[in-house]
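Here are a few friendly notes to read alongside the model. Please have the structure open as you go through the points.

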Amino acid sequence: MPLPLKGLLVIEFSQFLAAPSAGLRLADLGARVIKIERPGSGEAGRQIAIKNLFVEGSSLVFHTINRNKESYAADLKNPADLAQVKQLLAQADIMTHNFRPGIMEKIGLDYDAVRAINPRIVYGVVTGYGPTGPWATKPGQDLLIQSMSGLAYLSGTKYDGPTPFGIAVADIICGSHFAQGLLAALLKRNRTGQSVLVEVSLLESVLDMQFELLTTHLNDGGQLPQRGAARGTAHAYLSAPYGIYQTRDSYLALAMGNLDKLDAVLDTGILADYPTASSWFEGRDDIAERLVDALREEPTATWLARLEPLGVWCAEVLNYQQATSSPGYQALGMQQLVKLTDGQSLPTTRCPIRIDGEKLYSDKAAPKPGRDTAAIQEEFGLGAALPPNPNSSEKESLAFSDVSDRPAPLSRRGKARGEVNPKPLADLLVVDFSQFLSGPSAALRLADMGARVIKIERPETGDICRHLYTSNVIMNGESSVFHAINRNKESFAVDLKNEDDKAQVRELLRRADVVMHNYRPGVMERLGFDYASVKALNPNVVYGEISGYGPDGPWRDKPGQDLLLQSVAGLAWLSGNADAGPVPMGLSIVDMLAGAHLAQGLLACLVRRGRRGEGGLVQVSMLESAFDFQFETITTFFNDGGALPQRTQHNSAHAYLGAPYGIYQTSNGFLALAMGSIPVLGRLLGCEPLLHYLEPAQAFTERDEIKATLAQHLRTATTEAWLAILEPADIWCANVLSWDKLLAHEGFAALNVVQEVSMRDGYQYRTTRCPIRLDGELLTSPVGSPKLGQDNAAILAEIATPQTARHDA
């Protein structure tokens with residue numbers, strides 16, 4: 001089968017990381033991506049290097065994000081060049097940019113201008129802080145977003161101060177949301193025949209990434225997250241033993257639960273003092289101290305040999321050298337080689353999504369600036385008379401079949417509510433078998449975009465996540481995590497070992513557009529609901545699955561738990577200072593990335609189904625998602641002689657970036673500083689020692705010394721005083737906000753991130769909304785999470801009506 005997006009043309013004006021990473025995902029899924037760049041120098045991201053590594057005149061970072069694309073050089077201030085670019089846009093399916101608000105309006109390539117040229121264009125925009133509000137023109141830089149969103153108060157211990165994620169997490173998660181929005185917009189465009197505007201922002205994406213924790217905060221009396229005291233603490237809202245512990249020779253990660261089994265093996269007396277699950281949260285610091293003392297007695301391999309057979313969720317903590325040489329990594333085939341123009345090859349990672357059982361590889365390297373200009377001009381007839389709009393003639397044969405023209409096998413909630421402008425997935429039915437976080441987060445995104453999601457659950461207990469409590473916060477009898485991740489869905493309770501119940505589920509599957517699960521490999525086969533079985537019922541179904549470590553290989557049956565995945569993927573060695581040991585990221589980042597990748601793959605296959613009448617199988621794994629998350633840092637590791645990332649001694653925020661990159665204490669708080677000239681900073685701050693670092697390379701080679709000087713100097717005045725000096729000089733900096741300060745700020749209020757939802761029994765709670773805007777509209781819904789089995793009667797009544805199987809497109 002062809003790649004899902006084959007035949008689609010994307011024109012990318014984007015720079016740096018967030019929006020280009022979305023372009024990379026579309027390219028990996030089959031789209032043709034043409035990058036518009038300045039003549040000569042190309043996009044600014046070509047000169048943004050980590051560890052001062054360059055390849056063929058461009059930074060290694062640029063190569064990781066822009067492989068598999070073409071480069072078209074144009075001076076957008078030159079009328080002739082601009083006219084040719086407009087001709088190109090007239091033939092495109094998607095256009096993207098991430099300029100600050102107002103820039104494209106000045107050029108004449110804003111949404112209104114482009115859709116006048118091409119009435120069926122999907123037009124995508126990435127901003128830093130949303131399209132309006134007091135922060136709209138602030139620099140949208142990753143560390144600044146982390147600092148302003150409260151994210152920096154989730155990792156590390158309570159003694160560490162704000163601890164940023166040591167990777168460009170805001171850029172990467174925003175790029176993922178952008179790709180989802182663009183794919184959903186393609187579905188909407190081909191239902192309505194009209195252009196669609198897609199908007200995401202870095203800040204909204206990072207707030208969405210914290211949705212399970214923010215929901216707890218919003219419904220817990222505004223209590224701020226309290227990190228644990230023990231080194232290796234991994235989640236501010238989870239109880240002991242959750243964390244990373246030093247052993248005799250290395251480190252061991254322990255996930256939630258299993259304290260009874262641990263206590264039996266370690267003989268620490270923990271259960272005698274903390275007999276209930278609720279006490280495991282209240283006593284987590286003391287419990288952690290006891291575990292620390294006990295686990296240091298033996299090497300990691302000994303503990304794994306004793307604990308894994310007991311079903312204790314645990315893992316060794318690996319660095320990049322160990323992770324990339326592990327059998328679990330080797331089985332993934334995650335590495336690929338791209339061909340440079342001089343005949344050399346550059347190793348990097350591949351797309352983490354598998355389509356129809358195939359891994360998505362491409363050996364096409366990032367282009368040199370303007371390499372493809374002449375060929376594109378000739379192919380598209382640029383400079384000649386404007387050709388007929390292909391979106392209304394020749395391309396129409398590839399347009400999506402209009403799903404709304406077909407008899408709906410089950411009621412479509414978007415239409416049932418009488419929406420004048422239904423959401424892009426309003427005509428789709430999703431049957432979701434998944435539980436915990438990764439799969440349900442993908443289903444939540446589809447629901448936010450208008451799909452009807454029916455959640456298949458066990459009778460009596462339901463999704464195990466209903467009872468996975470965080471911070472002892474119980475909302476309407478169930479965990480805050482469940483409510484955060486399962487709003488806007490229906491619950492259908494069935495016993496999948498009961499043949500009558502299974503027959504009802506099969507009737508649902510015959511009518512579904514999407515079926516998804518995150519069971520371990522082999523479970524759905526035993527139940528009879530694997531892809532082959534479901535495809536036999538419904539030949540054009542789009543079927544998605546998330547595994548922990550991939551569908552095969554030596555780790556396939558290991559528990560796919562977030563902290564364990566962070567540990568085996570090398571992720572824990574990127575955050576914190578050099579002497580901190582492994583520092584996990586203080587939320588379920590791998591779960592959310594895997595869910596985001598599944599949503600991308602499902603949407604891409606829905607695009608293909610609409611164009612070619614083919615369903616498909618989408619597979620992602622948490623391990624592949626964790627490696628893809630680190631694609632720029634792992635590519636640096638591959639191309640830097642295998643040297644491990646080295647965190648700075650203090651104020652660390654990215655192991656591969658030089659000074660001043662980090663968060664610094666001031667006299668009354670903290671200040672985040674992104675990349676910038678050290679001598680310029682010295683002059684602005686009145687810090688004479690910084691004036692001596694004249695060579696740009698010194699910002700990396702002497703970064704510990706520079707950061708120590710900066711840290712001492714910045715303590716002499718307030719955060720506000722430093723911002724008043726630095727911001728007018730266009731230095732990328734920000735205050736470091738906790739959630740209470742963020743939520744009280746007018747910049748947050750302008751985003752309208754928080755929504756109130758209601759359960760069927762009248763219980764109301766506050767949570768976050770989808771971070772994607774379509775046609776200027778926020779994607780909100782007042783529907784809360786379902787009570788277990790609350791929709792059984794209504795769904796059974798619907799499926800009692802005989803329907804033919806779905807053999808249509």
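1. Strand β25 (residues 670–673) pairs with β26 in the antiparallel sense over 3 bridges; two strands count as paired if DSSP finds at least two bridges between them. One residue to look at is L671, whose bridge partner in β26 is N735.

2. These strands belong to an open sheet of 3 strands, ordered β24-β25-β26 with antiparallel pairing. Because β24 (662–665) and β26 (733–735) stand at the edges with a single partner strand each, one side of each has no neighbour in the sheet. From one strand to the next, the twist averages 25°.

3. Helix α30 (residues 703–714) packs on this sheet and touches β24 and β25, where contact means heavy atoms within 4.5 Å. The direction of α30 makes about 40° with that of β24 (angles run from 0 to 180 degrees between N-to-C directions).

4. Elsewhere, helix α7 (residues 169–192) packs with helix α25 (residues 589–612) at about 25°, their axes 9 Å apart. That angle makes α7 roughly parallel to α25 (under 35 degrees). The contact includes I173 and L183 of α7 and L593 and L603 of α25. Its residues divide into 15 nonpolar, 3 polar and no charged (Ala, Val, Leu, Ile, Met, Phe, Trp, Tyr, Cys and Pro count as nonpolar, Asp, Glu, Lys and Arg as charged, the others, Gly among them, as polar).

5. A word on the basis: this is a predicted model, in which local features need pLDDT of at least 70, side-chain atom pairs count only at pLDDT 80 or more, and totals for chains, interfaces and linings use all residues. Residues are numbered from 1 along each chain as its sequence is written, and side-chain values use heavy atoms, leaving out hydrogens and water. Helices (H or I, at least four residues) and strands (E, at least two) are DSSP runs, numbered from the N terminus.

Note on methods:
Angles under 35 degrees count as roughly parallel, over 145 as roughly antiparallel, 65 to 115 as roughly perpendicular and the rest as oblique.
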